[in-house]
Amino acid sequence: MAGGLREFTPEEVSTHRDANDCWLIVSGRVYDVTEFLSEHPAGRSVIMLHAGRDCTAEFLAVHDESYLPAFAPTAFRGVVAGSGAGPPPPRPPGAGRVD
């Protein structure tokens with residue numbers, strides 16, 4: 001564990017690539033977005049294109065990384081081993097209720 005954070009290899013993340021188990025890598029951080037798939041405004045298919053992979057460039061082209069803690073606050077699982085990544089950004093003040 002890096003600084004108390006669970007570490008995953010890209011190969012481990014790549015096994016989580018279907019609608020019942022969907023993980024993404026953004027900025028060296030690993031997120032389980034399975035529960036968020038049905039809530040994504042652009043639909044689940046855009047997320048599924050990147051399931052199990054590093055989608056940092058694609059994600060950051062349309063979102064700030066704080067989008068993840070704002071809309072999927074329990075999604076963070078850990079970091080990619082050797083990435084040097086730390087915890088995700090904090091949930092933005094004023095982020096709406098997440099049920």
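Leaving aside its neighbours within four places in sequence, which residues is Ser 27 in contact with? In this predicted model, the answer is Thr 56, Leu 60, Glu 65 and Ala 85. The close-up views below begin at this residue and move outward.

**View 1. Ser 27 sits in the loop between S3 and strand S4 (29-32).** This loop belongs to the hairpin of S3 and S4, with two residues between the strands, and here Ser 27 takes a positive phi near 55°. Ser 27 counts as partly exposed because its relative accessibility is 27%. Look for the side chain of Glu 65, which a polar contact of 3.2 Å joins to the side chain of Ser 27. Pro 87 is worth finding too: 60 residues separate Ser 27 from Pro 87 in sequence, yet their C-alpha atoms are 10 Å apart in space.

**View 2. Glu 65 also meets Arg 29, in a salt bridge.** The closest N and O atoms of Arg 29 and Glu 65 are 2.9 Å apart. Arg 29 belongs to strand S4, while Glu 65 lies in the loop between helix H3 (56-62) and H4, so the pair ties together parts that are 36 residues apart in sequence. Are these two partners buried or exposed? Both Arg 29 and Glu 65 are buried.

**View 3. Arg 77 and Asp 32 join their side chains in a salt bridge.** Here the N to O distance is 3.7 Å. Strand S5 holds Arg 77 and strand S4 holds Asp 32, so this pair ties together parts that are 45 residues apart in sequence. Arg 77 counts as partly exposed because its relative accessibility is 33%. Asp 32, at 17% relative accessibility, falls under the 20% limit and therefore counts as buried. The count of salt bridges in the model comes to two.

**View 4. Five strands form an open sheet with mixed pairing.** Reading across the sheet, the order is S1-S5-S4-S3-S2. At the edges are strand S1 (7-8) and strand S2 (17-18), each of which pairs on one side only. S3 and S4 run antiparallel and are joined by four bridges; within this pairing, Leu 24 has Tyr 31 as its bridge partner. S4 also pairs with strand S5 (residues 76-80), in the antiparallel sense over three bridges. Along that pairing, Arg 29 stands opposite Val 79, and Val 30 has Gly 78 as its bridge partner.

**View 5. S4 is covered on both faces.** In a regular strand the side chains alternate between the two faces of the sheet. On one side of S4 you will find Arg 29 and Tyr 31, on the other Val 30 and Asp 32, and all four are buried.

**View 6. The largest nonpolar core contains 15 residues.** The members that touch the most others are Cys 22, Val 26, Tyr 31, Val 33, Ile 47, Phe 59 and Leu 68. Strand S3 (21-26) and helix H4 (67-71) each supply at least two residues of this core, and S3 gives the most, with three. To trace the packing, start from Val 26: residues up to four places away in sequence aside, Val 26 touches Tyr 31, Cys 55, Thr 56, Phe 59, Glu 65 and Leu 68. A second, separate core has six residues, including Phe 8, Val 13, Trp 23 and Ile 25.

Conventions: Residues are numbered from 1 along each chain as its sequence is written. This is a predicted model: local features need pLDDT of at least 70, side-chain atom pairs count only at pLDDT 80 or more; totals for chains, interfaces and linings use all residues. Side-chain values use heavy atoms; hydrogens and water are left out. A nonpolar core is a set of buried Ala, Val, Leu, Ile, Met, Phe, Trp, Tyr and Cys residues joined through side-chain atoms within 4.5 Å. Buried means under 20% relative accessible area, exposed over 50%, partly exposed in between (1.4 Å probe, protein chains only). Contact means heavy atoms within 4.5 Å. A polar contact is a pair of N or O atoms within 3.5 Å; within protein, one must be able to donate a hydrogen and the other to accept it, and residues adjacent in sequence count only if both atoms are side-chain atoms. Two strands pair if DSSP finds at least two bridges between them. A salt bridge is a side-chain nitrogen of Lys or Arg within 4 Å of a carboxyl oxygen of Asp or Glu.
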